[in-house]
Amino acid sequence: MNSNIPNDVVGHVVFQARKQTNRPLETVATRLYSRYPLKMFVPEQASSNNCKWLYCVSFGGGLVGGDCLKINIDCHESTKTLITTQASTKVYHCDKDIVTSQSNHYTVGSNAMVFIMPDPLVCYKDANYEQSQTIHMVSDGNVLLLDWLTAGRIARGEVWQFKRYKSTNKIYIEDQLFLKESICLGNTENMRVKESFGQYQVTGMCLLLGPLLITHIERLLSDLGKSKPHGSMYTNDCIFTVSPLNFNIGSRTIRGCIIKFIAEQTRQAFQELENILCPLYDVIGGNPFLNKY
């Protein structure tokens, strides 16, 4: 059954839409494959509607030095899928120059809605981690991508003490590169990561793209992009900024937005993310972060 899956792939999931008599299309996982150190599962009752929730879990709750995960997730036409985690993924320390890596590849079909909403990554002291996420979608596909990181085991005093962290996100629309967003954090001779972040302990980005999300995108551009009234005080403990994304394919304009954020505490970042995400919980069929933060 899994003989055609490449040896380096540790997870492969395929979602397809199935017709139902007098009912909305149902999203079903027609392939669900995972092997150590990854476990993937799709609970039947996780969502209150026809959106399927996929949980990606690592054995032991984290990734050890040298782990190399490659994951392929295919979301076919008219499917509705949430991809999330049970808790924050931990990246443990790496000896010498060993690197821990993860590569996620997504395909998004026509009128499909894919919500990639993991818990924040936590890099332990001396972790060396690289992550890439590549999305191939058609012009009427829809994606929400959340990618965020905390400073580490803050309660133990491990604040921005990993060796290196690199995350790259690429989105292709009709095989044309629409967006490449990358962040690389590591100490240099002139400045350490901890010094550059100061009091901040969380950073990340959230991207929304596609025609079925356009109403929400426009609201975010209006609410997050507007200036405060004259005389109002700005706070710097939790900062969210938004920028529009526009891409022309022939006569069609693909619209979206990208949100960058930084906060002093995980809870602060999550509370603001809740304001952004909660209007979509009816579409997703629930709140994947309920009672976590």
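How many cavities of 30 Å³ or more does the structure hold? The exercises below concern a predicted model.

**Exercise 1. Describe the enclosed space and its lining.**

Solution. Step 1: the structure holds one cavity of 30 Å³ or more. Such space is revealed in the following way: rolling a probe the size of a water molecule over the atoms shows where emptiness remains.

Step 2: the volume of the largest cavity is about 360 Å³.

Step 3: its lining consists of 27 residues. Nearest the centre of the largest cavity lie Thr 85, Thr 89, Gln 102, Asn 104 and Pro 118.

Step 4: by residue class, the lining comprises 17 nonpolar, eight polar and two charged residues.

Step 5: strands that each contribute at least two lining residues are E4 (52–58), E6 (68–75), E7 (80–84), E9 (100–108), E12 (128–137) and E13 (142–150).

**Exercise 2. Determine how strand E18 is paired with E16 and E17.**

Solution. Step 1: strand E18 covers residues 252–263 and runs antiparallel to strand E16, residues 202–209, with eight bridges joining the two. Within this pairing, Leu 209 has Gly 256 of E18 as its bridge partner.

Step 2: strand E17, residues 238–249, also pairs with E18 in the antiparallel sense, here over twelve bridges. Opposite Val 242 stands Ile 259 of E18.

Step 3: E17 and E18 form a hairpin with two residues between the strands. In this hairpin, Gly 250 adopts a positive phi near 65 degrees.

**Exercise 3. For three salt bridges, state which parts of the chain are linked and whether each partner is buried or partly exposed.**

Solution. Step 1: the structure holds eight salt bridges. The principle is that side chains of opposite charge can pair when their charged atoms come close.

Step 2: Lys 70 and Asp 8 meet through their side chains in a salt bridge, at 3.6 Å from N to O. This pair links distant parts of the chain, with Lys 70 in strand E6 and Asp 8 in the segment before strand E1 (11–20), 62 residues apart. Lys 70 is partly exposed because its relative accessibility is 28%, and Asp 8 is likewise partly exposed, at 43%.

Step 3: the side chains of Asp 119 and Lys 292 form a salt bridge at 2.8 Å, N to O. The partners are 173 residues apart: Asp 119 occupies the loop between strand E10 (113–116) and strand E11 (121–123), and Lys 292 the segment after helix H4 (281–284). With a relative accessible area of 4%, Asp 119 is buried, whereas Lys 292, at 30%, counts as partly exposed.

Step 4: a salt bridge also joins the side chains of Glu 181 and Lys 260, at 3.7 Å from N to O. Glu 181 belongs to strand E15 (residues 176–186) and Lys 260 to strand E18, so this pair ties together parts 79 residues apart in sequence. Glu 181 is buried because its relative accessible area is 10%, under the 20% limit. Lys 260, at 37% relative accessibility, is partly exposed.

**Exercise 4. Locate His 216 and identify a backbone atom that its side chain approaches.**

Solution. Step 1: His 216 is found in helix H2, residues 214–225.

Step 2: the relative accessible area of His 216 is 8%, so this residue is classed as buried.

Step 3: a polar atom of the His 216 side chain lies 2.6 Å from the backbone oxygen of Ile 276.

Technical notes. Residues numbered from 1 in each chain as written. Predicted model: local features only at pLDDT ≥ 70, side-chain atom pairs only at ≥ 80, totals over all residues. Heavy atoms only, no water. Pairing = 2+ DSSP bridges. Helix = DSSP H or I, 4+ residues; strand = E, 2+ residues; numbered from the N terminus. 1 Å grid on protein atoms, 1.4 Å probe; cavity = no way out; pocket = protein on both sides within 12 Å on 5 of 7 lines; lining within 4 Å. Points joined across faces, edges and corners; volume = space filled by probe spheres on them. Nonpolar A, V, L, I, M, F, W, Y, C, P; charged D, E, K, R; others polar. Salt bridge = Lys/Arg side-chain N within 4 Å of Asp/Glu carboxyl O. Buried < 20%, exposed > 50% of the residue type's maximum accessible area, 1.4 Å probe, protein only. Polar contact = N/O pair within 3.5 Å; in protein donor to acceptor, adjacent residues only side chain to side chain.
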